[in-house]
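Welcome, and thanks for taking a look at this one with us. Below is a short tour, arranged by topic, to read alongside the model.

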Amino acid sequence: VKKQIPRDKCIDNTFTLLKEGYLFIQNRTERYSSDVFETRLLGKKAICISGKEAPKLFYNPILMKKKGALPKRIQKTLFGVNAIQTMDGRRHLHRKKLFMTIMNQEEQDRLSKITTEKWQEAISRWEGASRVVLYDEVNRILCQSVCEWAGVPLPASEVKCRAKDFSTMVNTFTAIGPEYWKGKKARKRTEKWIRGIIEATRSGKLRPGRNSALHQIAYYKDLDGKLLSTQMAAVELINVLRPVVAISTFITFTAVALYEHREYIKILRSSDENMREMFVQEVRRYYPFTPFLGAITRKNFMWKGYNFKKGTLVILDVYGINHDARIWENPYKFRPERFSEKREHLFDFIPQGGGDPSKGHRCPGEGITIELMKLSVDFLVNKLEFKIPEQELRYSLIKIPSLPKSGFIMRKIKTRT
Ligand code: HEM
């Protein structure tokens, strides 16, 4: 039977979305008792979808495409203009293979090794410091690590400002006014730097390792057998560097989780890697990072009795699906044990998108994210001792992307013996 999609009455809901943040879709699916509703965002009709079945529709490449889904505002800060996130079909799959190759198991292990060394170096600096903000420090650790891994030279004197630019691109993409301009400026500065690195590589002045992201992207040829333009190569290399630095958000939430659920510190100390993995999986589910994702319908079709017209913007409720009581028992309880059964989560656990990453738009960096988070758990529970002073550890479900306010301040840091 054909059903009418509940319609959210409004001229445009963009500001309401910014006011309600991560809960915007959930608030309405509850109000209308429906996993599907229609609204208007950025001056366009949009259909929001949630619930267990929604990711399967959203990641169906016959029904959905990316072209036209990503607002230019977001491309100009977060992703870069016309990058892989906006591509479809054969051209997308060809480009995606490049990213999957860059992040293969061997390369993932190499990045973990470099990151372990940088953590170790950072700890020796922290031991004398009166106070350390974990978010800022991990930003720098990851920025140094990913640049070294990718083959991008980064002088010690530049680590702080480059790391800051990467995190600014991520933290300002929903901002308006001066904050948003900061994000655009950070991207402009980073693109200029990385264009120079691509040029230096192509002219032979820089000789990065064959498997490094820099080498792979500088010499990648698209379906037509052409090299990427310098600008496009820079944008795609930044699509490797920036998200690795952004793992600092999840690592800061990991520290908050250990603080809020201290019973796990002991458990993690006396258990194996499996427990660490369960813990970080629950951090990726429970804490807010990616709010929603967008795609455009390729044709007219029916889904669950509802009519979807060709060319409609569809928004997937990532945060809501990770907190849906029909999928997760007591979703607002932090319980790593829910991940004790190790299995593939193609469509039911989507903090970094759903489906098969080599066939669709799901994040190619999930393996790296999980590994670098596990490594941080090991440092936080097994290798470090520290005090946690009074501070504002709360985080907002309204501000997108979210982050604990204080960034997690640590004092009296010592190596744990
Ligand atoms: C795509 C989240 C880490 C590289 C995505 C998508 C999400 C996401 C939600 C979009 C899926 C879609 O459009 O359907 C995250 C989060 C991360 C993270 C929350 C944790 C910090 C990484 C890392 C890398 C990476 C470490 C690279 C080393 C990418 C790329 C895409 C992507 C290149 C575009 C894929 C495509 O369009 O085919 N990520 N990601 N991400 N991610 Fe991640």
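Where is the place of Phe408? Phe408 sits in the loop between β9 and β10. Keep in mind as you browse that this is a predicted model. The tour begins with that loop, then turns to the ligand, one helix and its cysteines, and the salt bridges.

**Backbone features worth a click**

- Phe408 is not a glycine, and yet its phi is positive, near 70°.
- The side of Phe408 that faces solvent is minimal in the numbers: its relative accessibility is 1%, so Phe408 counts as buried, the limit being under 20%.
- The loop between β9 (384-387) and β10 (409-415) also holds Pro401, and a cis peptide bond joins Ile400 to Pro401, with omega at about -5°.
- Ser33 is another residue other than glycine with a positive phi, here about 45°.
- You will find Ser33 in the loop between α2 (24-31) and β1, where Ser33 is exposed, with a relative accessible area of 68%.

**Around the ligand**

- The ligand is surrounded by 26 residues, and the closest are Tyr59, His92, Lys96, His361 and Cys363.
- By residue class, the shell around the ligand divides into 14 nonpolar, 10 polar and two charged residues.
- Both α5 (89-102) and α11 (230-260) supply at least two residues of this shell.
- Which helix gives the largest share of the shell? That is α11, with seven residues.
- Two histidine side chains are in polar contact with ligand oxygen: an N or O atom in the side chain of His92 is 2.7 Å from an oxygen atom of the ligand, and for His361 the corresponding distance is 2.6 Å.
- A nitrogen atom of the ligand takes part as well, 3.4 Å from an N or O atom in the side chain of Gln352.
- Cys363, one of the closest residues to the ligand, is partly exposed, with a relative accessible area of 25%.

**Helix α7 and its cysteines**

- Helix α7 covers residues 134-150, and at 1.5 Å a residue its 17 residues should span 24 Å; the C-alpha atoms at its ends are 24 Å apart, so the two values agree.
- How many of the 17 residues of α7 are buried? The count is 13, so α7 is largely enclosed by the rest of the structure.
- Just after α7 comes Gly151, with a positive phi near 90°.
- The structure has zero disulfides. Cys143 is in no disulfide, and the nearest cysteine sulfur, that of Cys147, is 4.5 Å away.
- Those two cysteines are four places apart in a helix, and the general rule is useful here. An α-helix has 3.6 residues a turn, so residues three or four places apart point the same way.
- Cys143 is buried, at 0% relative accessible area.

**Salt bridges**

- The structure holds 31 salt bridges. Side chains of opposite charge can pair when their charged atoms come close.
- Glu38 and Arg7 form one of them, with their closest N and O atoms 3.3 Å apart. This pair links distant parts of the chain, 31 residues apart: Glu38 belongs to strand β1 (residues 36-41), and Arg7 to the segment before α1 (14-20).
- Glu38 is buried, with a relative accessible area of 10%.
- Asp165 and Arg189 meet through their side chains in a salt bridge of 2.8 Å, N to O. Asp165 lies in helix α8 (residues 159-171) and Arg189 in helix α9 (residues 178-202), so the pair ties together parts 24 residues apart in sequence.
- Is each partner buried or exposed? Asp165 counts as buried at 6% relative accessibility, whereas Arg189 is partly exposed, with a relative accessible area of 43%.
- Arg326 and Asp324 also meet in a salt bridge, at 2.8 Å from N to O. Arg326 counts as exposed at 55% relative accessibility, while Asp324 is buried, with a relative accessible area of 9%.
- Glu273, Glu277, Lys342, Glu371 and Lys374 are joined into one network by salt bridges that share partners.

How values were computed
Residues numbered from 1 in each chain as written. Predicted model: local features only at pLDDT ≥ 70, side-chain atom pairs only at ≥ 80, totals over all residues. Heavy atoms only, no water. Helix = DSSP H or I, 4+ residues; strand = E, 2+ residues; numbered from the N terminus. Expected span 1.5 Å × (residues − 1). Buried < 20%, exposed > 50% of the residue type's maximum accessible area, 1.4 Å probe, protein only. Disulfide = S-S within 2.5 Å. Near = heavy atom within 4 Å. Polar contact = N/O pair within 3.5 Å; in protein donor to acceptor, adjacent residues only side chain to side chain. Nonpolar A, V, L, I, M, F, W, Y, C, P; charged D, E, K, R; others polar. Salt bridge = Lys/Arg side-chain N within 4 Å of Asp/Glu carboxyl O.
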